[in-house]
Amino acid sequence: MAEPVTIPQVLDRAAREWPDVIALIGEDGIRWTFAELATEADVVARALIASGVAPGDRVAIWAPNSLRWVATSFGIYRAGAVLVPLNSRYRGAEAA
């Protein structure tokens, strides 16, 4: 099997090879396995595509680090878009 060359391929490989291994632990103690993270990323990707996001589009995340932030970042990559992380300390005008 070929080595993964994209970030989504790395997640897919981890979900396939270690589906029950904990990938993330949130501040609230919620734990996601690699398989769960891959599923959440798929949900985000489908929502982005349904919203009109196309490959090459830029998608910004303006939020503090969390499980959802990670899933959203992977979903952006799965949709073929480019992640633009914004500093969560920005005010509205700075983020714009």
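Let me start with S73, which is buried at a relative accessible area of 6%, where buried means under 20%, exposed means over 50% and partly exposed lies in between, with a 1.4 Å probe and protein chains only. This is a predicted model, in which local features need pLDDT of at least 70 and side-chain atom pairs count only at pLDDT 80 or more, while totals for chains, interfaces and linings use all residues. Residues are numbered from 1 along each chain as its sequence is written, and side-chain values use heavy atoms, with hydrogens and water left out.

S73 sits in helix α3, residues 67-78; helices (H or I, at least four residues) and strands (E, at least two) are DSSP runs numbered from the N terminus. Not counting residues up to four places away in sequence, S73 touches I61 and L83, a contact being heavy atoms within 4.5 Å.

Staying with α3, this helix packs with α1, residues 7-17, at an angle of about 120° and with the axes 8 Å apart; the axes are lines fitted to C-alpha atoms over the stretch in contact, and angles run from 0 to 180 degrees between N-to-C directions. On the α1 side the contact is made by I7, P8, L11 and D12, and on the α3 side by F74, Y77 and R78.

Which aromatic pairs do we find, given that the count comes to two? Rings of Phe, Tyr and Trp (its six-membered ring) pair if their centres lie within 6.5 Å, with planes under 30 degrees apart counted as stacked, over 60 as edge-to-face and the rest as tilted. W18 and F34 form a tilted pair, 6.4 Å centre to centre with 55° between the planes, and this pair links distant parts of the chain, W18 lying in the loop between α1 and β1 and F34 in helix α2, 16 residues apart. Both W18, at 42% relative accessibility, and F34, at 21%, are partly exposed. The ring centres of F74 and Y77 are 6.5 Å apart and their planes stand at 85°, so that pair is edge-to-face. Because F74 and Y77 are three residues apart in helix α3, about one helical turn separates them; F74 counts as buried at 17%, whereas Y77 is partly exposed at 27%.

Finally, T33 belongs to strand β2, residues 31-33, and is buried, with a relative accessible area of 13%. Leaving aside neighbours within four places in sequence, T33 is in contact with P19, D20, V21, I22 and A23.
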